[in-house]
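Subject: Handover of a structure, with notes

Dear colleague,

I am passing the structure below on to you, and my notes on what was found in it follow directly after. Please read them with the structure open beside you.

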Amino acid sequence: MIWGKTWRILELLDLADEASKIAHAPPSSALGIGFDFRRSDQASIGERFLLAEMPYGCIRFHRAEFLDVFVNHLPTGVAHFRKRVKSYEQDTPGDPITLHFNDGSTAECDVLVGADGVKSMVRAEMLKHIASTKGNPDLLDLIDPFFSGTIAYRGLIPVDKMPKGPDGSPHRTIRSPMMYCGKSKHVVSYSISQGSIVNVVTFASEPEKEGAPAYDGPWVTEVSKQELLDCYANWEPEVVDMLNCIERPTKWAMHQLKHLPNYVDGRVALLGDAAHAMTPHQGAGAGQAIEDAYVLAGILGDHHTQLDNIDTALRAYDHMRRPLASHVLQGSRDAGRMYEFNGPQGEHYETLCPAIQRQWEWIWASTPEEDLENALKWMKEQ
Ligand SMILES: Cc1cc2nc3c(=O)[nH]c(=O)nc-3n(C[C@H](O)[C@H](O)[C@H](O)COP(=O)(O)OP(=O)(O)OC[C@H]3O[C@@H](n4cnc5c(N)ncnc54)[C@H](O)[C@@H]3O)c2cc1C
């Protein structure tokens with residue numbers, strides 16, 4: 001899912017028409033449902049405790065179809081597949097950066113943008129480099145993601161296989177993005193692909209395990225349907241019936257990064273999960289990567305940016321994007337706690353509901369155009 005701010009970037013890139021065709025339904029700036037929050041960890045029928053609405057609501061895609069919208073517009077010859085970067089060298093300021101790949105080949109570049117995900121090699125090398133040159137070994141603690149204390153189960157259900165409501169009506173989640181909440185667990189479900197598929201992600205937390213080192217084993221595994229059903233036994237029927245329709249669930253260990261003090265070092269920058277991998281509780285990690293890319297591309301494409309001031313240009317990116325992405329990283333963590341009644345508000349709906357609503361304020365606090373403009377202004381002031 002993405003939110004209105006990311007949608008604006010698709011409009012600016014002239015990709016909104018194409019993305020509209022593969023969304024759950026064509027997005028509209030009118031008030032839409034973000035999530036319908038419901039208390040569901042009991043065998044009897046649950047109750048709504050909050051309907052969170054905002055312009056555009058939550059805009060939903062099948063991930064592969066969404067990526068294709070971007071990929072289809074790449075000029076030919078700019079992407080090289082089956083290459084794995086092993087290390088990079090940025091020895092003399094001003095000289096090109098040398099990349100070393102696993103297959104023994106090398107390449108040179110003026111700017112290296114590490115968009116290599118939660119286990120980023122570029123992040124590891126960058127933090128090691130800053131730690132050794134600035135004499136700050138504490139930075140090494142920020143390289144590895146840590147376990148959030150939460151595991152997720154995921155699955156897709158064709159809409160015609162969804163269970164009906166007790167009165168024979170279509171399942172509620174086909175119409176509304178649902179947030180089924182319970183103590184230390186929650187279940188998210190919503191339609192994607194023009195309403196033809198329902199995406200389900202369920203979460204189960206042991207909050208006291210937050211901060212444990214990263215999982216040793218595989219972070220993603222296939223699991224039996226029974227394991228999934230056992231986890232949500234005694235939840236309300238519309239949740240259990242839906243989970244029963246997931247044929248091959250997968251189980252994911254959710255990790256996140258600590259806040260980094262830097263997204264750039266010389267001519268090297270981090271982007272997306274490499275810089276700020278977060279838990280998915282605001283559905284915002286990919287959107288933040290897209291915001292990073294929009295601002296970074298705007299700075300690099302500005303006519304004031306030249307080879308001899310690229311360091312400053314990248315610092316402008318860091319200056320603008322790091323506080324915003326850090327805010328969403330923290331908000332995602334806190335949102336997960338609130339949905340499972342483990343936040344400071346506990347189960348007090350009077351304070352919990354406004355707190356849940358407030359978590360989305362970053363979406364309209366600034367526009368992507370304003371963020372880019374501010375970054376360029378900062379760069380010129382330097
Ligand atoms: C369960 C779950 C649900 C989520 N739901 C949402 C959501 O609804 N909305 C949202 O906005 N976000 C969501 N996210 C977060 C989102 O998936 C990530 O934030 C997003 O994928 C980050 O994009 P990225 O390009 O930075 O990293 P990635 O998508 O991880 O891509 C990194 C790429 O780099 C490649 N790579 C890695 N190392 C190297 C190397 N050494 N050399 C070359 N290539 C390399 C990888 O193969 C990969 O292709 C969710 C995450 C999870 C786990």
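Before the notes on empty space, one definition is needed: on a 1 Å grid over the protein atoms alone, a cavity is a set of points where a 1.4 Å probe fits but cannot get out, a pocket is an open set with protein on both sides within 12 Å along at least five of seven lines, and lining residues are those that have an atom within 4 Å of a point. This is a predicted model, in which local features need pLDDT of at least 70 and side-chain atom pairs count only at pLDDT 80 or more, while totals for chains, interfaces and linings use all residues. Residues are numbered from 1 along each chain as its sequence is written, and side-chain values use heavy atoms, with hydrogens and water left out.

The cavity

A search of the whole structure finds one cavity of 30 Å³ or more, and the space in the largest cavity comes to about 130 Å³, a volume being the space filled by probe spheres set on grid points that are joined across faces, edges and corners. Its lining is made of 14 residues, with S148, T150, S205, R333 and R337 lying nearest the centre. The elements that give two or more residues to this lining are β7 (146-158) and α10 (310-339), where helices (H or I, at least four residues) and strands (E, at least two) are DSSP runs numbered from the N terminus. The largest share of the cavity lining, three residues, comes from α10. By type, the lining of the largest cavity divides into one nonpolar, nine polar and four charged residues; here Ala, Val, Leu, Ile, Met, Phe, Trp, Tyr, Cys and Pro count as nonpolar, Asp, Glu, Lys and Arg as charged, and the others, Gly among them, as polar.

The second largest pocket

The second largest pocket holds about 280 Å³ of space, and of the 16 residues that line it, K164, G165, P166, R172 and E238 lie nearest its centre. Two or more lining residues come from each of α5 (172-175) and α7 (237-243), and α7 provides the largest share, three residues. Eight residues of this pocket lining are charged, five are nonpolar and three are polar.

The protein overall

The secondary structure comes to 13 helices and 15 strands. Buried residues, meaning those under 20% relative accessible area (exposed is over 50% and partly exposed in between, with a 1.4 Å probe and protein chains only), make up 50% of the 382 residues. Taken along the principal axes, the C-alpha atoms fill a box of roughly 70 × 45 × 40 Å.

Individual residues

Two residues other than glycine have a positive phi, which is about 55° for R82 and near 50° for S193. R82 is found in the loop between α3 (63-71) and β3 (85-89) and counts as exposed, at 83% relative accessibility, whereas S193, in the loop between β9 (185-192) and β10 (197-205), is buried with a relative accessible area of 7%.

V69 lies in helix α3 and is buried, with a relative accessible area of 5%. Leaving aside residues up to four places away in sequence, V69 touches L15, E18, A19 and I22, contact meaning heavy atoms within 4.5 Å.

With kind regards
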